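Me: Could you take a close look at one part of this protein for me, the place where two of its domains meet? I'd love a connected walk-through that starts there and then works outwards.

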Amino acid sequence: MSEKMLKFVKINKQMPTKRASNVRTEDFKEIYNKFMNDKAKEQSSRCSQCGVPFCQIHCPLNNNIPDWLKLTAEGRLREANELVHSTNNMPEICGSICPQDRLCEGNCVIERAGHGTVTIGSVEKYITDTAWAKGWIKPIKVLREIDQSIGIIGAGPAGLACAEELRKSGYKVTIYDRYDRPGGLLIYGIPNFKLEKFSIERRTNLLKKSGIKFKQNFEVGKNISLGDLRKKHDAILIATGVYKAREVDLPGSNLKNIFSAMEFLTASNRKGLGDKVKSFDNGTLNAEKKDIVIIGGGDTGMDCVRTAIRQNAKSVKCLYRRDRDNMPGSAREVYNAEEEGVEFNWLSNPKKFIGKSEVSSILVERMKLHKADSSGRKKPEPIPNSEFEVKADMVIKALGFNPENLPKLFSSPDLSISKWGTIKINLKNMETNLPGVFAAGDIVRGASLVVWAIRDGRDVTISIKKYLEQKLKKDEKVA
Ligand SMILES: Cc1cc2nc3c(=O)[nH]c(=O)nc-3n(C[C@H](O)[C@H](O)[C@H](O)COP(=O)(O)OP(=O)(O)OC[C@H]3O[C@@H](n4cnc5c(N)ncnc54)[C@H](O)[C@@H]3O)c2cc1C
Ligand code: SF4
């Protein structure tokens, strides 16, 4: 065992410093400062090098965390970078936005022993940021081109990870995406203060330089049917994510100035990217000087409240029907939001939107929680006669997402879907019921996490490659 490790008893846990809340809410830049070299080394040296590393088991990519922490502690960053990239296509992105408290860090043994977790995500980001700065990350050099092509629908993390892995093997890859920029929710969903956009552009530019073709502003279902796309390629991956906002059906739902989270976040992200956004520029989707109410306690809700604060809202309130302990969002994000001035109304549920043509307030009822059900979550129930009114110039609904009706959208009624509308796959090989058509990411799992989308993108590559090898053999026999 290296003398450089097991320092958790002497060295305390330290995250990269956070910018002061009154400073960081003035802009949309990331809230954490970068780790300095010595700090990253020092924090890595706290790892106890467990024989059975629970951090690795609980990382969806099974990242070899103890080994790259050891390499970092020893100052062997080039090797650490190679190891980090051997299991992850976007380590700096995961290092920034994985809910580590529920994944790797939440299962760190020294955290459980009361010493405070190793700051795994920050070290992962540090290693990869250093690699970018030193020019160690290079486009793929294909050694042997293979004359088979794959069409990937969706340039989110699942589609991008699969494209990169297939290209490494020499396949021809084209990604089709209905947005004007690649990245999926990384670009238009997740705000800059969690993930600065240059890091996504840097990744997608690398893929372009690696020979992967991107067709933006190209919607499968509108510009081409799935059937016709299948004729153009040897295999297809559907990685379209989930975008249909869940609705609240309440009196007053049709009043003006009630928006979905994605409408609000996309407008804000586009402004940050320098686009002209009419609905923002004319004030409709701008929270400035308004009383804003966000409904929902998940990570999307947290992104909305913190975006509204940065747009200089007069007040920002979050309504959530359960309590703090039972909310789905990351505890760290709630804490950040509170620091930035967001007011949380726990155990509160909207009952009615009030206003003439535009919303002006919400009638809210108080809730109480029952014992946990079989899913482990406590069911909320309204408290009679507990209503109160909350002023609102703009309401943002962040209640989650459902899949769009893909069989209809793709003019492919034979594509099998589950009762939730997600695409049904054979769990052994991630193939849909249509031969040579595979699916991965949120469109299979339902709304999930970037790290799981990357995992799916990597897993599906193995099956696509097997399918293409068999197809090639069959085609050769016929010829
Ligand atoms: C506001 C918000 C914040 C989030 N924050 C986090 C976070 O902090 N950490 C985390 O791990 N996860 C977070 N997530 C979840 C994460 O972003 C998703 O789980 C992940 O992006 C899913 O990846 P994907 O590739 O499956 O789909 P997506 O990222 O949704 O990408 C799908 C792509 O498919 C394209 N597409 C869709 N239909 C078509 C079509 N018909 N034709 C062509 N292209 C099409 C879309 O334009 C899009 O680019 C957040 C999600 C949201 C909404
Ligand atoms: S990918 Fe996410 S879960 Fe895995 S080590 Fe990195 S931050 Fe932790």
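Reply: Eight residues of domain 2 are in contact with eleven residues of domain 3. On the domain 2 side of this meeting, five of the residues are nonpolar, two are polar and one is charged. Please keep in mind that this is a predicted model.

Here is how the pieces are laid out. The domain assignment gives domain 1 as residues 7–134, domain 2 as 149–242 + 403–478, and domain 3 as 254–397. Taken over C-alpha atoms, the centres of domain 2 and domain 3 are 32 Å apart.

Ligand 1 belongs in this picture too, as the shell around it takes at least three residues from domain 2 and at least three from domain 3. There are 35 residues around ligand 1, and the nearest are Gly154, Gly156, Gly184, Gly241 and Gly441. Sorted by class, this shell holds 17 nonpolar, eleven polar and seven charged residues. Helix H9 (157–168), helix H15 (299–310) and helix H19 each supply at least two residues of the shell.

Helix H19 turns up again in the protein's interior. The largest nonpolar core has 84 residues, and Cys162, Leu237, Phe438, Ala439 and Ala440 have the most contacts inside it. Helix H19, which covers residues 450–478, provides the largest share of this core, with nine residues. Both domain 1 and domain 2 give residues to the core, so it lies between them.

Phe438 is a nice residue to click on if you want to see how this core is put together. Leaving aside residues up to four places away in sequence, Phe438 touches Ala235, Ile236 and Leu237, then Met430, Glu431 and Thr432, and also Val460, Ser463 and Ile464. A second core of 36 residues, separate from that one, includes Leu285, Leu319, Met327 and Ala337.

Now for the other ligand. Ligand 2 is surrounded by 15 residues, and Cys59, Cys94, Cys98, Leu103 and Cys104 are the closest. Nine residues of this shell are nonpolar, five are polar and one is charged. Helix H6 (91–97) and helix H8 (120–134) each supply at least two residues here, and helix H8 gives the most, with three.

Two loop residues also deserve a look for their backbone. Asn217 sits in the loop between strand E3 (213–215) and helix H12 (226–232), and has a positive phi of about 55 degrees although it is not a glycine. Asn217 is exposed, with 11 other C-beta atoms within 10 Å. Ser411, in the loop between helix H17 (406–409) and strand E16 (437–439), likewise has a positive phi, near 50 degrees, without being a glycine. Ser411 counts as partly exposed, with 15 C-beta neighbours inside 10 Å.

Finally, stepping back to the whole chain, there are 19 helices and 16 strands. Buried residues make up 44% of the 479 residues. Among contacts with a separation of 6 or more, 70% come from residues 24 or more positions apart. The C-alpha trace spans about 75 × 60 × 45 Å along its principal axes. The radius of gyration is 24 Å, which agrees with the value near 23 Å for a compact globule with 479 residues.

Definitions and conventions: Residues are numbered from 1 along each chain as its sequence is written. Chains are lettered from A and ligands numbered from 1 in the order in which they are written. This is a predicted model: local features need pLDDT of at least 70, side-chain atom pairs count only at pLDDT 80 or more; totals for chains, interfaces and linings use all residues. A residue is near a molecule or strand if its C-beta atom, placed from the backbone, lies within 6 Å of it. Helices (H or I, at least four residues) and strands (E, at least two) are DSSP runs, numbered from the N terminus. Ala, Val, Leu, Ile, Met, Phe, Trp, Tyr, Cys and Pro count as nonpolar, Asp, Glu, Lys and Arg as charged, and the others, Gly among them, as polar. The radius of gyration is taken over C-alpha atoms; the globule rule is 2.2 Å times the number of residues to the power 0.38. A residue is buried if 20 or more other C-beta atoms lie within 10 Å of its own, exposed if 12 or fewer, and partly exposed in between; C-beta atoms are placed from the backbone. Two residues are in contact if their C-beta atoms, placed from the backbone, lie within 7 Å. A nonpolar core is a set of buried Ala, Val, Leu, Ile, Met, Phe, Trp, Tyr and Cys residues joined through C-beta atoms within 7 Å. Domain bounds come from an automatic or database domain assignment.
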